[in-house]
Amino acid sequence: MKLLAVESGLSPSRFDWYVENLDVPVISYVKVSRPGRCLRDPSTGQVVQVQMTVSEYFQTLGVIHLFDPANPACIVNMQYHSINALGFVGYQFGEAALQALGYYQPARSDSRSSPFLSGLEIMYRGDVPQDTWLYGKTRTLIQTEVPAVIATDVNEWRGVFTGKSGITAFADLLNADKQECIIRDLLQHNFHVLLEQFEGAIPLPENVTLSGVLAAAHLSGPYGVAAHLRDGQVTADEFGTPVQQYLSEFSGYSVPF
């Protein structure tokens with residue numbers, strides 16, 4: 001449950017602190033127009049961070065309606081419903097990961113925008129430079145890949161769910177049991193990708209165990225972790241959290257592989 005707490009941004013162990021600071025500006029987080037839709041500085045494309053109260057933070061994550069100051073158990077339900085500023089859900093599942101696992105098919109462009117761009121996948125891409133999103137831009141064409149892709153600045157979730165594990169709509173994605181199914185599926189997927197990258201023997205840095213490697217792969221993707229383990233490349237998520245932090249923080253746990 002530690003991974004869920006870190007990824008969702010909500011921890012049951014902080015319940016009393018949440019209650020005490022419900023109306024106190026003690027959290028720095030990204031400003032949003034709604035849960036999942038960050039606001040950006042139009043001159044830089046960077047997300048806008050502001051100081052907010054715990055109540056405002058809960059509103060930003062879209063879980064204020066689930067908070068019960070008399071019931072500490074409410075935090076667990078809030079974790080699975082948490083939607084961060086980039087549209088990642090619960091364990092911070094995004095469109096790309098769920099597509100790779102067979103749960104989701106991204107939306108596709110149609111001929112109304114351009115007949116030459118029809119049928120391209122439209123999905124969030126975390127590897128797009130932040131200055132791409134200058135002056136309110138929210139989509140960009142990536143032509144360096146075949147086929148080309150239309151990248152969005154947040155997970156928009158405008159595609160369709162395939163029905164795998166009973167997930168047929170975005171609302172199903174907020175279900176605790178279904179998220180636990182997905183995270184096991186994702187960890188196993190990342191494990192096999194890493195095995196392929198290293199031909200069956202994943203290198204473990206000193207004081208790092210496989211659980212740390214898998215957590216880091218969840219943070220920035222298995223290929224980013226492979227690049228770090230292979231040649232020391234510094235990789236991080238969109239908010240700047242480095243893989244080294246997860247390699248260390250989540251080491252020492254048992255994994256079913």
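**Exercise 1. Determine how many cavities of 30 Å³ or more the structure holds, and describe the lining of the largest.**

*Solution.* The structure, a predicted model, holds one cavity of 30 Å³ or more. A cavity is defined on a 1 Å grid over the protein atoms alone as a set of points where a 1.4 Å probe fits but cannot get out, and lining residues have an atom within 4 Å of a point. Grid points are joined across faces, edges and corners, and a volume is the space filled by probe spheres set on the points.

Step 1. The space in the largest cavity is about 30 Å³.

Step 2. Its lining consists of E95, Y104, A107, I122, R139, E156, R158 and G159.

Step 3. Sorted by class, this lining has three nonpolar, one polar and four charged residues. Ala, Val, Leu, Ile, Met, Phe, Trp, Tyr, Cys and Pro count as nonpolar, Asp, Glu, Lys and Arg as charged, and the others, Gly among them, as polar.

The conventions are as follows. Residues are numbered from 1 along each chain as its sequence is written, and side-chain values use heavy atoms, with hydrogens and water left out. In this predicted model, local features need pLDDT of at least 70 and side-chain atom pairs count only at pLDDT 80 or more, whereas totals for chains, interfaces and linings use all residues.

**Exercise 2. Characterise the largest pocket by volume, lining and contributing elements.**

*Solution.* A pocket is an open set of grid points with protein on both sides within 12 Å along at least five of seven lines.

Step 1. The volume of the largest pocket is about 1300 Å³. Its lining comprises 47 residues, of which F88, H218, L219, S220 and E238 are the closest to the centre.

Step 2. At least two lining residues come from each of α1 (2-8), β1 (25-30), α5 (95-100), β7 (121-124), α7, α8, α9 and α10; α5 gives the most, with five residues. Helices (H or I, at least four residues) and strands (E, at least two) are DSSP runs, numbered from the N terminus.

Step 3. The class count is 22 nonpolar, 19 polar and six charged residues.

**Exercise 3. State whether helix α9 (residues 222-231) is largely enclosed or open, and describe how α8 meets α9.**

*Solution.* Step 1. Seven of the ten residues of α9 are buried, so this helix is largely enclosed by the rest of the structure. Buried means under 20% relative accessible area, exposed over 50% and partly exposed in between (1.4 Å probe, protein chains only).

Step 2. The buried residues are P222, G224, V225, A226, A227, H228 and L229. They pack against α7 (176-197), α8 (210-220) and α10 (243-249).

Step 3. The axes of α8 and α9 come within 7 Å and cross at roughly 120 degrees, which makes α8 oblique to α9. Axes are lines fitted to C-alpha atoms, for helices over the stretch in contact, and angles run from 0 to 180 degrees between N-to-C directions. Angles under 35 degrees count as roughly parallel, over 145 as roughly antiparallel, 65 to 115 as roughly perpendicular and the rest as oblique.

Step 4. From α8, V213, A216, A217 and S220 meet P222, G224, V225 and L229 of α9, where contact means heavy atoms within 4.5 Å. This contact has six nonpolar, two polar and no charged residues.

Step 5. Just after α9, G232 takes a positive phi of about 75 degrees.
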